[in-house]
Amino acid sequence: MWAKVPRVKLLSGYEIPLIGLGTYLTKGEAGVKAIKEAIDIGYRHIDTAYRYGNERDVGRAVREKLEEGYVKREDLFITTKLWNTFHHPEHVEEAFHRSLNNLNLNYVDLYLMHMPMGLVFRGFKEQDLVSYDSSGKVECSDVDYCDTWKAMEKLIHSGKVRSIGVSNFNSNQLERLLSIASIRPVTNQIECNPGFTQKSLIEFCRSLDITVTAFSPMGRANRSDSSNQVTANVLTDPEVATIGAKYGKTNAQIVLRYLIDSGTIPVPKPSNRTEMLQNIDIFDFRLTPEDSALMDRFDNGKRAVPLKYYSHHRDYPFEETGAAR
Ligand SMILES: NC(=O)c1ccc[n+]([C@@H]2O[C@H](COP(=O)([O-])OP(=O)(O)OC[C@H]3O[C@@H](n4cnc5c(N)ncnc54)[C@H](OP(=O)(O)O)[C@@H]3O)[C@@H](O)[C@H]2O)c1
């Protein structure tokens, strides 16, 4: 089985496949096997992050498929992310090179600022990536994400990263970033799913030619780390199943098609081969306006991933107002 995925052009001129493979919690031998299987199936866009602790596994899977001659490096699109504790401009280059070394690649396709919120730097090891103050709160730094961005721009000139972007930015923060940027972010990776559709932020990004990558497109269905189970319910909803029956698709495939039709690039994380196959098999149909209108009704305005442990941060992005300085 090999599925061909359409691509869209980014502001940098490079193209990104319209569906990606989410890899949060995909680790170890099982992770390597799953990622190789995904490449066999046709996935060419893989989403990882330093924070996920799996860049080496992603890199091993990719390297093995490259060595087999199954794919060419230029056909793959690998995204990784700068973790919050590495926001100080002094740390950005080293953090990036650690990711590049973990991935064992000559370049990454997309490097994202994982969040607009800098945290206190303690080191590069797993146990250093979040620290807490005496009251048990995550220790925030006062590094300005605009300064972090300027350091990320330098990476582009190194030729080791093709495009840079952001994640979890609100519209005020994006606007502020754009006011100082020499290189514009190609994407804002944000939570988007039927329970939390993000229509206005998608529209805002579209007006700036910034793509939106949809993380947690399944709302972290059935996982205990999800704060909104609406999307999990959509996956078994009988009305959505009726839409699916028209096209011979599952509810999950309707969700992904809905997100693509809404202008996003979803990066779902499948739990098994069946889900992996389904999530990429969504390019032979489109929803009608009536189908989309039905899907719109599930938005209850609640995030599956509210990042509440950062809510005391001055750059916490998820309030209506006040997040941008
Ligand atoms: N930038 C950021 O801050 C950020 C934050 C979160 C996530 N991400 C990225 O986005 C990716 C995806 O988000 P996520 O991992 O939070 O969760 P998700 O993709 O929203 O949900 C994953 C769950 O969806 C279910 N699922 C997937 N495909 C399915 C299908 N075809 N049919 C039925 N159920 C299906 C599976 O549940 P079952 O196990 O029940 O089958 C799986 O455990 C991450 O892996 C990561 O790469 C980025």
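These notebook entries record what I looked up about the ligand and its pocket.

**Entry 1: the model.** I noted at the outset that this structure is a predicted model.

**Entry 2: the pocket.** I looked up where the ligand sits, and I found it in the largest pocket. This pocket holds about 1,000 Å³ of space. I counted 46 residues in its lining, and Tyr24, Ser216, Arg220, Arg223 and Asp225 lie nearest the centre of the pocket. I then sorted the lining by residue class and obtained 23 nonpolar, 13 polar and ten charged residues. Helix H10 gives the largest share of this lining, with three residues.

**Entry 3: the shell around the ligand.** I next turned to the residues that surround the ligand, which number 29. The closest of them are Asp47, Arg220, Ser271, Glu275 and Asn279. By class, the shell consists of eleven nonpolar, twelve polar and six charged residues. I asked which helix supplies the largest share of the shell. I found that H10, which spans residues 273–280, supplies that share with three residues.

**Entry 4: polar contacts.** I looked up which atoms of the protein pair with polar atoms of the ligand. For Asn279, I recorded a polar side-chain atom 2.8 Å from a nitrogen atom of the ligand. For Gln189, an N or O atom of the side chain lies 2.9 Å from a nitrogen atom of the ligand. For Pro217, I noted that a polar backbone atom is 3.3 Å from an oxygen atom of the ligand. Finally, I checked how much of the ligand is covered: on its own it has 900 Å² of accessible area, and the protein covers 88% of this.

Technical notes: Residues are numbered from 1 along each chain as its sequence is written. This is a predicted model: local features need pLDDT of at least 70, side-chain atom pairs count only at pLDDT 80 or more; totals for chains, interfaces and linings use all residues. Side-chain values use heavy atoms; hydrogens and water are left out. A residue is near a molecule or strand if one of its heavy atoms lies within 4 Å of it. A polar contact is a pair of N or O atoms within 3.5 Å; within protein, one must be able to donate a hydrogen and the other to accept it, and residues adjacent in sequence count only if both atoms are side-chain atoms. Accessible areas come from the Shrake-Rupley method with a 1.4 Å probe; for residues, only the protein chains shown count as cover. On a 1 Å grid over the protein atoms alone, a cavity is a set of points where a 1.4 Å probe fits but cannot get out, and a pocket is an open set with protein on both sides within 12 Å along at least five of seven lines; lining residues have an atom within 4 Å of a point. A molecule sits in a cavity or pocket if more than half of its atoms lie within 2 Å of its grid points. Helices (H or I, at least four residues) and strands (E, at least two) are DSSP runs, numbered from the N terminus. Ala, Val, Leu, Ile, Met, Phe, Trp, Tyr, Cys and Pro count as nonpolar, Asp, Glu, Lys and Arg as charged, and the others, Gly among them, as polar. Grid points are joined across faces, edges and corners, and a volume is the space filled by probe spheres set on the points.
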